[in-house]
Structure formats: structure tokens, C-alpha cells
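Trainee: Got a minute to walk through this one with me? I'd like to get a feel for the inside of the fold and for the metal site.
Mentor: Sure, pull it up and we'll go piece by piece.

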Amino acid sequence: MDPELEIRDQGGPPVGRTDKERQRDRYERECRKHHRSRDEQRQIDEHVRQRKARTSRRAPRAWDEDDSVAFEKIKRAERLRPDPAAASSADAAGDGVTEPGTPAGLVVWLGRGVARVELDGVVHEAVLSAELARHQQSAIAVGDRVECEVASDRELRVRVVAPRRSWLARPDPGIAGRERVFAANLDVAVLVVAARQPTLRPGLIDRFCIAVERGRVAPLICINKVDLLADAGDRTALEEQLAPYTDQGLAVCQVSASRGLGIDELRAQLAGCTCVFVGPSGVGKSSLLNCLDPMASRAVGAVRTADGKGRHTTTASCLVALGADTRCIDTPGVRAFGLGQVSAAELAAAFPEIAGAAAACRFRDCRHDREPECAVRDAVAAGGIARRRWESWQRVAAADG
Ligand code: GDP
Ligand code: ZN
């Protein structure tokens with residue numbers, strides 16, 4: 001039976017219904033609202049449930065719980081070798097610490113072949129091992145947990161990078177299959193876009209969703225400059241643009257850095273987290289960071305009048321405190337998300353409503369593009385899937401091919 005017909009055939013709610021029946025009625029109302037069959041709605045709900053499970057915020061960890069121990073080990077290792085000239089031949093070859101167990105640190109800044117590593121609240125200069133330096137852009141990033149050793153010349157050297165629990169990366173344009181990681185071990189990635197100036201491009205939000213899904217980071221979509229929305233009509237239009245994301249259960253906040261609107265809520269969402277702010281230039285990332293942490297004063301770029309875009313203001317990646325209990329990886333503005341190959345699973349997770357409709361499509365190899373009687377196209381025509389999302393899906397899917 002056509003699932004749509006099945007839904008429409010349901011009569012009014014009978015008296016004395018069980019919880020299960022009430023739940024089913026609620027479900028069907030939801031399906032009708034979005035012009036979806038029950039199977040489609042179930043698939044979408046499953047996607048949303050899985051996404052939430054994957055990206056649910058992990059409990060923030062205490063920063064220095066094992067670093068103080070690690071730092072002690074470094075100091076002990078140094079004491080073990082008071083005179084580099086008297087070091088053993090192994091040490092002279094630069095083989096490192098003489099006792100088992102290596103210190104752990106946190107990368108707070110990276111330069112070419114060098115890092116600043118925080119240990120027990122103290123930041124140390126360290127060099128990268130030759131292996132790490134060779135593939136620096138993928139091998140080590142700000143936010144990484146690292147093991148260091150004291151080299152023969154008493155210099156601190158980053159030896160190993162611990163496995164990352166999350167990251168943000170983009171494909172390396174020079175080396176196929178390799179990624180450039182620009183922030184590691186993040187709790188939240190905040191995509192900042194502007195309600196106006198520059199124009200909000202939902203395709204960027206879609207690509208961001210795939211990038212964070214890939215890097216296992218919880219996304220937060222932050223719409224800045226809501227002060228530029230002139231009237232209720234503008235606000236409704238914005239809500240409509242955002243509906244595909246709020247429907248998926250993604251966190252969306254609306255703020256104005258210049259008016260201070262929504263800043264306390266944003267700060268509360270980021271409390272205890274390590275986060276990164278990404279987004280096109282000119283959307284107000286620096287202004288927002290300055291609002292969140294008035295002690296830090298970042299240069300705010302003027303928007304170029306010709307195209308409404310801003311200048312680049314941040315120049316190097318570093319990990320900084322953002323207020324009392326939040327850490328932020330400040331990266332040179334990440335303006336676009338090149339994704340490289342996008343898998344079918346990644347596409348489905350970022351576009352659950354399209355995956356839901358596609359499952360009901362009667363052509364197994366349908367491209368959901370021009371085929372007649374395609375369930376996805378039908379859903380777009382009926383308004384169940386936003387046309388803008390379908391177009392964005394097509395662009396990402398085409399890039400995949
Ligand atoms: P970034 O390039 O993303 O770091 O953006 P900036 O913080 O440098 O801001 C770019 C421009 O947008 C500056 O001229 C800011 O004054 C302006 N701006 C930032 N936030 C807001 C806001 O909430 N409302 C309005 N109207 N302008 C803003
Ligand atoms: Zn189709």
C-alpha cells in the first residue's frame with residue numbers, strides 16, 4: 001500500500017488510546033507536516049539519533065590532570081642527564097629520555113618545525129621530530145596531545161602525537177588522499193555565518209556539516225548580524241532557511257556581536273569546551289571572539305563595500321583561553337570546506353531528508369536529478385524537501401562522482 005494513503009486513511013483519534021497509539025498519531029502528524037511517509041520519517045529520525053549519539057558532547061576533561069605528572073617526568077629526565085657532554089652514545093644520537101614512559105603535553109601553537117607545548121600550565125618551546133616535521137600539516141595540529149622527550153642537547157622534542165578524538169581538516173591540495181588538519185581534539189566547531197553582509201550561503205553550512213561529521217566534532221551553527229534583519233518578514237525567511245538544520249536537531253544560535261545579542265547563550269553553550277570558530281571572512285568571527293572574551297582584542301576587519309566581504313585578520317593557529325572555562329583554537333579564517341571524496345554515508349548523514357526520500361525512490365540507481373517519478377524530486381515539488389537543500393545535495397553529490 002502507498003504509505004501516504006495509509007496515513008491519510010487514519011481516522012480521528014479514538015477515545016481511550018494507548019500511549020503507543022498516541023505516539024503513532026504524533027508521528028503521523030509530523031509525517032503529514034513534512035509530506036513524508038512513515039518509513040521516510042523513521043529513516044530521518046534514525047539518522048538524527050545516530051548523529052546525536054556520534055557528536056554528543058563529551059564531558060570536558062580537566063586540562064592538567066596528567067600533564068603535571070608528565071612535567072615532573074620531564075624535569076626528572078633532565079636531572080638524569082645534567083651534562084649533555086657526558087651523555088651516552090644513544091643519547092648523543094638523540095634517542096631521548098632514559099626512563100620508560102614519556103611526558104604528555106598539549107600543542108598550543110605551531111610554527112614550521114617547532115611547537116609550543118603546554119605542560120602543567122607552563123608553555124615550552126619544542127622542536128618536532130624529523131618524521132613529524134616532514135608531514136607537519138597532517139601529522140600535528142594545535143590541540144593535539146603529544147609525547148615529548150628531552151633530546152641530547154636538552155632541547156624538548158615532540159616525538160609522538162596521541163590519537164585524536166576529533167579534528168577538523170580539509171584535503172591537502174598537493175597530496176591526494178592526505179588531509180591538512182587545522183585543529184585537533186575539539187568539542188565544538190562553531191560555523192559563523194552572517195544573516196546579511198555577506199549573504200548567507202546554505203551550501204557552506206551543508207559542507208561544514210559533512211566536515212564535522214567526518215572529524216567527529218559537535219557542530220554549532222551561529223548566525224551573526226541578526227541586527228541587520230529589518231523586519232518580521234526577514235526573520236521568517238531566515239527561519240525557513242534554517243529549518244532543514246533545526247529539523248535535524250543541529251544546534252543553531254542567532255547572535256549579534258555588535259549589539260551583544262545572544263552572546264551569553266553562546267558563551268554558555270561553549271562552557272568547558274575546546275572550540276574552533278570557522279566561517280567566511282567578514283561574518284564577524286573576530287568580533288564574536290572579542291565579545292566572548294573582552295580581555296582579548298582581535299583586529300576586526302572592515303567589510304569591503306564592493307562585495308560585502310571582509311578582510312583576513314587572523315594569521316597563525318594557536319590555542320587561547322576564551323573567558324574563564326573555554327578554550328578556542330584560533331585559526332586563519334577557514335572560508336570554505338573542500339571535502340574531497342564524500343561517501344554515500346556522509347551524504348546521507350548531512351542530508352537525512354533527502355536520504356529518507358531516496359530510500360523510497362523506485363529506481364535503485366536513481367540520481368534524483370531528472371528521472372521521472374523520482375521520490376526525491378516529488379518531495380521537492382511538494383515542498384517536503386527545500387529546493388535549496390536539493391540543489392546543495394546535487395552539488396556535493398556531483399563533486400563526489
Ligand atoms: P571576521 O572576518 O569573520 O573575523 O569578521 P570581523 O569580526 O572582522 O567583522 C567584519 C565586519 O562585520 C566588521 O566591520 C564588523 O564591525 C562587522 N560586524 C561584526 N559583527 C557584527 C554584527 O553583529 N552586526 C553588524 N551589523 N556588523 C557586524
Ligand atoms: Zn530518485
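**Inside the fold and around the zinc**

Mentor: Let's start with helix α11, residues 285-292, which is mostly covered: six of its eight residues are buried. Keep in mind that this is a predicted model.

Trainee: Which residues of α11 are the buried ones?
Mentor: They are K285, S286, L288, L289, N290 and L292.

Trainee: And what do the buried residues of α11 pack against?
Mentor: Four strands and a helix are listed by name: β8 (188-194), β9 (218-224), β11 (274-278) and β13 (327-330), along with α10 (263-270).

Trainee: Okay, on to the largest nonpolar core. Which of its members touch the most other members?
Mentor: Those are V158, L168, I223 and F337, in a core of 66 residues. Helix α8 (residues 202-215) gives the most to this core, with seven residues.

Trainee: What does L168 touch, leaving out residues up to four places away in sequence?
Mentor: The contacts of L168 are R180, V181, F182, A183, L186, A189, A211, V212, V276 and V278. Apart from that core lies another one, of 21 residues, with V255, L266, V283 and L289 among them.

Trainee: Switching to cysteines: how many disulfides does a search of the whole structure find?
Mentor: Zero. Take C328: the nearest cysteine sulfur belongs to C275 and is 4.4 Å away. A disulfide needs the two sulfurs within 2.5 Å, so C328 is in none.

Trainee: Is C328 buried or exposed?
Mentor: Buried, because its relative accessibility is 0% and the cut-off is under 20%. C148 is buried too, also with a relative accessible area of 0%.

Trainee: Now the metal. Which protein atoms are the donors of the zinc ion, ligand 2?
Mentor: The SG atoms of C361, C366 and C374, plus ND1 of H368, lying 2.2 to 2.4 Å from the zinc ion. Along the chain the donors follow the spacing C-x4-C-x1-H-x5-C. Both C361 and C366 are buried.

Trainee: Why is the arrangement around the zinc ion called tetrahedral?
Mentor: Because the four donor atoms subtend angles of 100 to 117 degrees, and the call needs all angles between 85 and 135 degrees. For reference, the ideal angle for four tetrahedral donors is 109.5 degrees.

Trainee: Last one: where is D172 found?
Mentor: In the loop between β6 (167-171) and β7 (179-184). D172 counts as buried, at 11% relative accessibility. Leaving out residues up to four places away in sequence, D172 touches Q137, R178, E179 and R180.

Methods:
Residues numbered from 1 in each chain as written. Chains lettered and ligands numbered in written order. Predicted model: local features only at pLDDT ≥ 70, side-chain atom pairs only at ≥ 80, totals over all residues. Heavy atoms only, no water. Core = buried A, V, L, I, M, F, W, Y, C linked by side-chain atoms within 4.5 Å. Buried < 20%, exposed > 50% of the residue type's maximum accessible area, 1.4 Å probe, protein only. Helix = DSSP H or I, 4+ residues; strand = E, 2+ residues; numbered from the N terminus. Contact = heavy atoms within 4.5 Å. Donors = N, O, S within 2.8 Å, 3.2 Å for Na, K, Ca; no water. Tetrahedral: all angles 85-135°; square planar, octahedral: opposite > 155°, others 65-115°.
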